[in-house]
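Reader: I'd like to go through this one by asking how each label was earned. Can you set the values against the criteria as we go?

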Amino acid sequence: MSFLALDIGNTRLKWGLYDAAAPGATLLAHGAVFLETIDQLADSDWADLPAPVAMLGCVVAGDAVRRRVEEQLELWDLTPQWVVPQATGGGIINRYEHPSRLGSDRWVAMVGARARLQAATPEGQPVPPAVVVMVGTAVTVDALDPSGCFLGGLILPGFGLMLKALESGTAGLRVPTGEVQDFPTNTSDALMSGGASAIAGAVERMHRQLTLRCGVAPRILMSGGAAVKLAQILHDREIEVVDTLVFEGLLRLARERSLAVPI
Ligand SMILES: Nc1ncnc2c1ncn2[C@@H]1O[C@H](COP(=O)(O)OP(=O)(O)O)[C@@H](O)[C@H]1O
Ligand SMILES: CC(C)(COP(=O)(O)O)[C@@H](O)C(=O)NCCC(=O)O
Ligand SMILES: [K+]
C-alpha cells in the first residue's frame, strides 16, 4: 500500500514510491528518466513496482507531458492529482502576484524546506529563514522568511541553457564540458566556471538580501539534478543539499489533502 510522488521538470521526470502519504514516510523505490522516455514508464521502471493507491505530482513541463504521464499512470487504479500553488497552504504564505503562476516545483520545494526546518527547530524557538535553490533546467532561488512567507524569488538559466546560449551565439565556444575552477585557463573550464559563478552569485546575493530583511542569516537548502556542481563552489557557506526536497513537499501536501494510504 504505497504513495507515488512525481516531480516533472523540463528535462527529467523524478518519481518516488513511499510507504505512506505523510512526512516521515519511507522511500521504497525511486528513479529519474529523461522526458524523451516517459512513454515507456509503465513497461519499464514502473512495471514491477507494488501498486501505489494514491499519487500527487508537480509538473512544469506543460499539459502535453502531463497527459502522457497520466496515460502511463493508467497502469494503476488511482486518480492523478497535481499541485497548483495557492496563496496559502503547506505551511507557506505565497506572496506571488498571481499565486497560481508560481512554478509548482518551486512551491512544493518551499513546502518541503519549511517542513524540514520546522521539524528541526525546538519547540518555542523561531524557525530560521531559508533560501531555497533548485538547480534544474532553469535555476530558481526563492526566499522564505521566519514566518513561512515566500517573499519572492529569482529565475535564471541552468547550466545546459547557459552553455547552449553561448554556443549558439558565438563562433568559438563549441567545446567539451569543463570543470569548475577559481581561475579557469581553458575555454571549457571558463564556461563551466562562468555558469557556476552566475548561479552562486545569485544565491549569495539572495542570501544577503534575506539576511538584511530578517536580521538573521538564512539557511540554504539546495536540490535538483545539477546541485552537486554548485555545492562545491558554495562550500564557504553552509549549504544543505537535499535530493528529496520536492518529494518531502509532496508528502506534506498529500497529508493536508488526506490522501490516506493505509500502512
Ligand atoms: N545524468 C545526467 N547527466 C548529465 N547532467 C545531468 C544528469 N542528470 C541531471 N543532470 C543535470 O541536471 C539538469 C536536470 O536536473 P533536473 O533537476 O532533473 O531538472 P528539471 O527538474 O528541470 O527536469 C540537467 O539540465 C543537467 O544539467
Ligand atoms: C522556473 C521553472 C521553468 C523551473 O523549471 P525546471 O528547471 O524545474 O524545469 C518552472 O518552475 C516554471 O515554469 N515556473 C513558472 C513561472 C514562475 O515560477 O514564475
Ligand atoms: K525542477
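**Labels and the values behind them**

Author: Let's begin with one residue: R106 has 25 C-beta neighbours inside 10 Å, so R106 counts as buried. Bear in mind that this is a predicted model.

Reader: What makes 25 C-beta neighbours inside 10 Å enough for R106 to count as buried?

Author: The cut-off for buried is 20 or more other C-beta atoms within 10 Å. R106 has 25, and therefore qualifies. As for its place, R106 sits in helix α2. Leaving out residues up to four places away in sequence, R106 touches M134, T140, D142 and G153. V133 is 27 residues from R106 in sequence, with 8.8 Å between the two C-alpha atoms.

Reader: And why is A47 called exposed or buried?

Author: Exposed is the word for 12 or fewer such neighbours. A47 has 10 other C-beta atoms within 10 Å, so A47 is exposed. This residue belongs to the loop between β3 (27–34) and β4. From A47 to R67 there are 20 residues in sequence and 19 Å in space, C-alpha to C-alpha.

Reader: What makes α2 largely enclosed by the rest of the structure?

Author: The count does: 14 of its 17 residues are buried, so α2 is largely enclosed. Its span from first C-alpha to last is 24 Å, close to the expected 24 Å at 1.5 Å a residue.

Reader: How do you know whether α6 is enclosed by the rest of the structure?

Author: By the same kind of reasoning: 11 of the 12 residues of α6 are buried, so α6 is largely enclosed. Those buried residues are L245, V246, F247, E248, G249, L250, L251, R252, L253, A254 and R255. Their cover includes β1 (2–8), β2 (12–18), β4 (52–59), α2 (104–120) and β10 (219–223).

Reader: How does the span of α6 fit what is expected at 1.5 Å a residue?

Author: Helix α6 covers residues 245–256 and reaches 17 Å from its first C-alpha to its last, close to the expected 16 Å. Just after α6, S258 takes a positive phi of about 55 degrees.

Reader: Zooming out, what makes the protein as compact as a globular protein of that length?

Author: The fold has six helices and 11 strands. Its radius of gyration is 19 Å, and the globule rule gives 18 Å for 263 residues; the two are close, so the protein is as compact as a globular protein of that length. Along the principal axes, the C-alpha trace spans about 55 × 50 × 30 Å. Of the 263 residues, 40% count as buried. Taking contacts between residues at least 6 apart in sequence, 58% join residues at least 24 apart.

Reader: Which domains is the protein divided into?

Author: There is domain 1 (2–84 + 249–256) and domain 2 (88–248). Their centres, taken over C-alpha atoms, are separated by 23 Å. As for contacts, 19 residues of domain 1 meet 20 residues of domain 2.

Reader: What supplies the side of domain 1 that touches domain 2?

Author: β1, β2, β4 and α6 each supply at least two residues of that side. The largest share, six residues, comes from α6. By type, the side of domain 1 that touches domain 2 has 10 nonpolar, five polar and four charged residues.

Reader: Now the ligands. Where does ligand 1 lie, and how do you know?

Author: Domain 1 and domain 2 both give residues to the shell around ligand 1, so ligand 1 lies between them. The residues around this ligand are G9, N10, T11, R12, G136, T137, G158, F159, G160, G224, G225 and A226.

Reader: How does the shell around ligand 1 divide into nonpolar, polar and charged?

Author: Two residues are nonpolar, nine are polar and one is charged. Gly is counted among the polar residues here.

Reader: And why do you place ligand 2 where you do?

Author: Both domain 1 and domain 2 give residues to the shell around ligand 2, so ligand 2 lies between them. It has 14 residues around it, the closest being G9, N10, G103, G136 and A138. The elements giving two or more residues to this shell are α2 and β8 (138–144). Sorted by type, the shell around ligand 2 has five nonpolar, six polar and three charged residues.

Key: Residues are numbered from 1 along each chain as its sequence is written. Chains are lettered from A and ligands numbered from 1 in the order in which they are written. This is a predicted model: local features need pLDDT of at least 70, side-chain atom pairs count only at pLDDT 80 or more; totals for chains, interfaces and linings use all residues. Helices (H or I, at least four residues) and strands (E, at least two) are DSSP runs, numbered from the N terminus. The radius of gyration is taken over C-alpha atoms; the globule rule is 2.2 Å times the number of residues to the power 0.38. Two residues are in contact if their C-beta atoms, placed from the backbone, lie within 7 Å. A residue is near a molecule or strand if its C-beta atom, placed from the backbone, lies within 6 Å of it. Domain bounds come from an automatic or database domain assignment. The expected span of a helix is 1.5 Å times one less than its number of residues.
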